[in-house]
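Take a look at the chain below. The report that follows starts with its surface and ends with its backbone.

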Amino acid sequence: MKRFLPATLLLAVLFSAISCGTKKTDGYTIEGTITGVDAGWVFLQKREENKSITADSVEVKGGKFTFAGKVELPEMYYLKLEDIEGVLPFFIENSTITLKVYADSLDKSTVTGSATHDVYIAYQKEETVFGQKTEELYNNYMKAKEAKDSLAVVKIEAEYDSVEKAQSAYTKDYIIKNGKSVVAAYLAISNAYAYSLEDLKAINKAMDPSIANSKYVKNLAAREITLMAVAPGQQAPEFTMADTLGTELSLSSLKGKVVLIDFWASWCGPCRAENPNVVAAYKKFNSKGFTVLGVSLDTDKFKWKEAIAKDGLTWSHISDLKGWYNTVAKQYGVMSIPANFLIDKEGKIIANGLRGEDLIKKIEEVLGK
């Protein structure tokens, strides 16, 4: 942890600058210059409901542009150049912000005048140590694979997992210690898929009342409510959705059986890799009162049905073909797949996130009872 002490001091200075040294205004003014573009349009975008929406747009004249507006609290926005791939992310707050944009390399662009963005950049710089380590491990992994050194491959995989855990722990610790910063709330909602209900409770408790109106804090609170509703011990929320033939199928129609609600998709590699384990569980316990209900996050019906046939998934399947906007996935707080929930014969959630042998053992335990 000594590696991170200088950053802690730096962030303390930056937070001090936000509260004491930053000149606040009634709104924001964004003054930008673009190298490589003299004319055209630039768009100010933000994320709403996992979609990019355009909040404002202005014309570029002589390689310059200006935006003006007001935000209640700092928020992440994205600058998009017309006909240029990629975006420039930066935190807007009510101050005068200067952007120096390079059309051919947006990642080299600079943002000044937003103290919140300064804090975000400081976090990113400190966090890059993990990215550098994982890149190094990946290169070593590919060399070991090429050399067919199985012992080295296993060792590198273990090291990679260790680095990922350390990175996750560092980010979570940063969030909890910096609850007065919108940056912490933004990082928390960006990584919410990785947090358990208990993690989320601790994070929400750390959020300071001064940023309670931030959309990130509100979204975190809403996610905690969602996860509480689908926690083990709760009655599984009812839903109805069309199957592969277009026939409506409800969860309650399976009452009386032990049910695995399995969230997956044809395009999801880890899901397809896990499917043989689910098939094995189904074959072993189906005659004893166990079944599976597949909920697909596909958007292509043909590929969905093709994957069902190819993987031998002989149970019931439903989908609204809305991808990540699948209504059942949202209802159950699913932000990454594969994901699953094991339901008892009375419709109560027993466990979630079961894989491989853990799934088999849990089903044996439940049916034994």
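The accessible surface of the chain is about 19,600 Å², and carbon and sulfur atoms hold 53% of that surface. Areas follow the Shrake-Rupley method with a 1.4 Å probe, and for residues only the protein chains shown count as cover. This is a predicted model, where local features need pLDDT of at least 70 and side-chain atom pairs pLDDT 80 or more, while totals for chains, interfaces and linings use all residues. Residues are numbered from 1 along each chain as its sequence is written, and side-chain values use heavy atoms, without hydrogens and water.

The chain has 369 residues, and 44% of them count as buried (under 20% relative accessible area; exposed is over 50%, partly exposed in between). The C-alpha trace spans about 70 × 50 × 40 Å along its principal axes. It holds 10 helices and 15 strands (DSSP runs numbered from the N terminus: H or I of at least four residues for helices, E of at least two for strands).

Now the interior. The largest nonpolar core has 48 residues. Such a core is a set of buried Ala, Val, Leu, Ile, Met, Phe, Trp, Tyr and Cys residues joined through side-chain atoms within 4.5 Å. Ile261, Phe263, Phe290, Tyr332 and Phe341 touch the most other members. Elements that each supply at least two residues of this core include strand S11 (258-264), helix H7 (269-285) and helix H10 (356-368). A second, separate core of 35 residues includes Val119, Tyr123, Val153 and Ala188.

Tyr332 is in contact (heavy atoms within 4.5 Å) with residues including Thr226, Leu251, Ile261 and Phe341, leaving aside neighbours within four places in sequence.

Asp243 sits in the loop between strand S9 (240-242) and strand S10 (248-250). Asp243 is buried yet has no salt bridge (a side-chain nitrogen of Lys or Arg within 4 Å of a carboxyl oxygen of Asp or Glu). The nearest side chain of opposite charge, Lys301, is 7.2 Å away. Beyond four places in sequence, Asp243 touches Trp304, His317 and Ile318.

Two residues other than glycine have a positive phi:

| Residue | Phi | Loop between | Relative accessible area |
|---|---|---|---|
| Asp83 | about 65° | strand S5 (75-81) and strand S6 (88-92) | 75%, exposed |
| Lys148 | near 55° | helix H2 (115-146) and helix H3 (150-177) | 75%, exposed |

One peptide bond is also worth finding. A cis bond joins Ile337 and Pro338, with omega about 5°. Pro338 lies in the loop between H9 and S14.

Note on methods: Buried means under 20% relative accessible area, exposed over 50%, partly exposed in between (1.4 Å probe, protein chains only). Lys and Arg count as positive and Asp and Glu as negative; His and the chain ends are not counted.
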